[in-house]
Amino acid sequence: MKCNLFIGMSFVFAISLNSCGMRDYMADADSCKELVKEFKTEDVLIGRSSTIHTTDSLVFVLDHTSTDSIIHMFDAFTDRHIKSFGKFGQGPDEIARAGQFAFDHDKGEAYVFDYGQQRVMAFNIDSVVSDPEYRPYVKLRFTTAKAFPDRYVHINDSLGFARHISPGKTKGFVQSLCRYSLDSGTVVPFGDPALKCYENRSMFAVSPETNMVAEACSTQDLVIIYDFDGNVINRFEGPLYSSDVNRDATYFTGAVFAGDYLLCSYSGDTTGKEYFGPYIVVFDKKGDYIKTLKKKKKIINMSYSPAKGRLLIGFDDEMQFGELSLSEIV
């Protein structure tokens with residue numbers, strides 16, 4: 001009896017220690033303020049509503065509100081501005097409302113979802129650089145009347161991942177993680193709906209190298225790691241996790257695989273007042289928690305650039321874009 005009581009108390013004590021540590025992971029976050037350096041865009045004028053995207057050798061900034069060139073391309077090794085392209089407008093070669101950006105490494109093509117004209121425009125990067133008369137082509141036409149893909153990540157023409165947004169049964173919109181094909185526009189649900197409420201809003205990251213997808217939830221303190229077949233590898237419940245979806249709360253606001261790690265921007269606000277937060281939560285690539293970093297600036301989006309082993313970050317601040325070495329993060 002005493003032995004059983006001792007084992008039971010030890011088990012409870014171990015859980016208490018783990019919960020206490022998790023409860024404090026924001027409060028005990030390491031400051032990375034001094035580690036962040038500004039990513040300078042030379043003399044290129046870029047609007048406040050912009051997101052940063054990377055490939056093995058290039059950095060793209062998508063200016064969502066530009067009335068001139070929408071895409072700005074930089075060399076990932078030297079940070080030199082190469083070219084700006086993708087004209088704003090309603091014309092056949094123009095972009096009316098820039099939504100998402102994706103890149104096909106094998107074809108060397110950049111894709112921009114134009115929500116204004118309901119199509120995906122494709123730009124061959126070599127032709128963009130070498131041919132001043134180059135005209136993009138329409139990769140896919142889609143409709144936003146019933147549903148549309150959001151935050152698309154490209155693997156190949158037949159496989160990509162996105163958030164599928166569709167009207168709710170009574171009001172508002174419902175979004176869920178899906179596979180999305182640029183060949184056909186076909187949407188296939190992804191993941192196990194029993195693991196979370198799919199009224200949840202979520203961000204996600206994709207690792208083609210390891211065939212893994214990480215879903216970081218916005219309205220639950222929850223991260224789920226899948227393989228490409230939708231099998232669950234790990235499920236991490238954060239310190240503020242609840243099975244109920246709190247639409248006033250904001251937890252994770254972005255996710256990116258970076259080498260052997262998964263980095264998630266985090267707000268942790270439960271008041272409904274602050275969407276973007278200053279935290280970066282670091283997991284290993286299987287979704288096990290490692291540490292938390294804090295940057296006073298609010299993080300809009302992140303992208304990992306393997307060229308220099310750095311995280312590029314878009315801020316809601318005077319410093320519009322910053323860079324953080326992955327070696328200094330972990």
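## Starting from one glutamine

Let's begin with a single residue, Gln-117. If you skip its neighbours within four places in sequence, Gln-117 is in contact with Gly-89, Gln-90, Gly-91, Glu-94, Ile-95 and Ala-96. Keep in mind as you look that this is a predicted model.

Where does Gln-117 sit? You'll find Gln-117 in a loop, with strand E8 (109-114) on one side and strand E9 (119-124) on the other. Now zoom in on the side chain of Gln-117. One of its polar atoms is 3.4 Å from the backbone oxygen of Gly-89. The backbone oxygen of Gly-91 also has a polar atom of that side chain 3.5 Å away.

Time to step back and take in the whole chain. Its secondary structure adds up to three helices and 25 strands. There are 330 residues, and 50% of them count as buried. What about contacts along the chain? Take the ones between residues at least 6 apart in sequence: 44% of these join residues at least 24 apart. As for the outside, the chain exposes about 16100 Å², with carbon and sulfur atoms supplying 51% of that area.

Next, pick out strand E20, residues 261-269. Why can we call E20 largely enclosed by the rest of the structure? Eight of its nine residues are buried, so the rest of the structure largely encloses it. Two strands to look at alongside E20 are E19 and E21. Strand E19 (residues 250-258) runs antiparallel to E20, and seven bridges join the two. Follow the chain from E19 into E20 and you'll meet a hairpin, with two residues between the strands. Gly-259 is in that turn, and it has a positive phi of about 60°. Ala-258 stands opposite Tyr-261 in E20.

Then there's strand E21, residues 279-284. E21 is also antiparallel to E20, this time with six bridges joining them. To see one pairing for yourself, find Ser-265: its bridge partner in E21 is Ile-280.

Finally, how confident is the predictor in all this? The average pLDDT for the chain is 86, and 87% of the residues score at least 70. Among the elements of the chain, helix H2 (residues 125-130) has the highest mean pLDDT, at 98, while helix H1 (residues 2-23) has the lowest, at 36. Over residues 1-23 the pLDDT is below 50, and beyond near neighbours in sequence this stretch has five contacts in the model.

Definitions and conventions:
Residues numbered from 1 in each chain as written. Predicted model: local features only at pLDDT ≥ 70, side-chain atom pairs only at ≥ 80, totals over all residues. Heavy atoms only, no water. pLDDT = per-residue confidence, 0-100. Helix = DSSP H or I, 4+ residues; strand = E, 2+ residues; numbered from the N terminus. Contact = heavy atoms within 4.5 Å. Polar contact = N/O pair within 3.5 Å; in protein donor to acceptor, adjacent residues only side chain to side chain. Buried < 20%, exposed > 50% of the residue type's maximum accessible area, 1.4 Å probe, protein only. Areas by Shrake-Rupley, 256 points an atom, 1.4 Å probe, with all protein chains shown as cover. Pairing = 2+ DSSP bridges.
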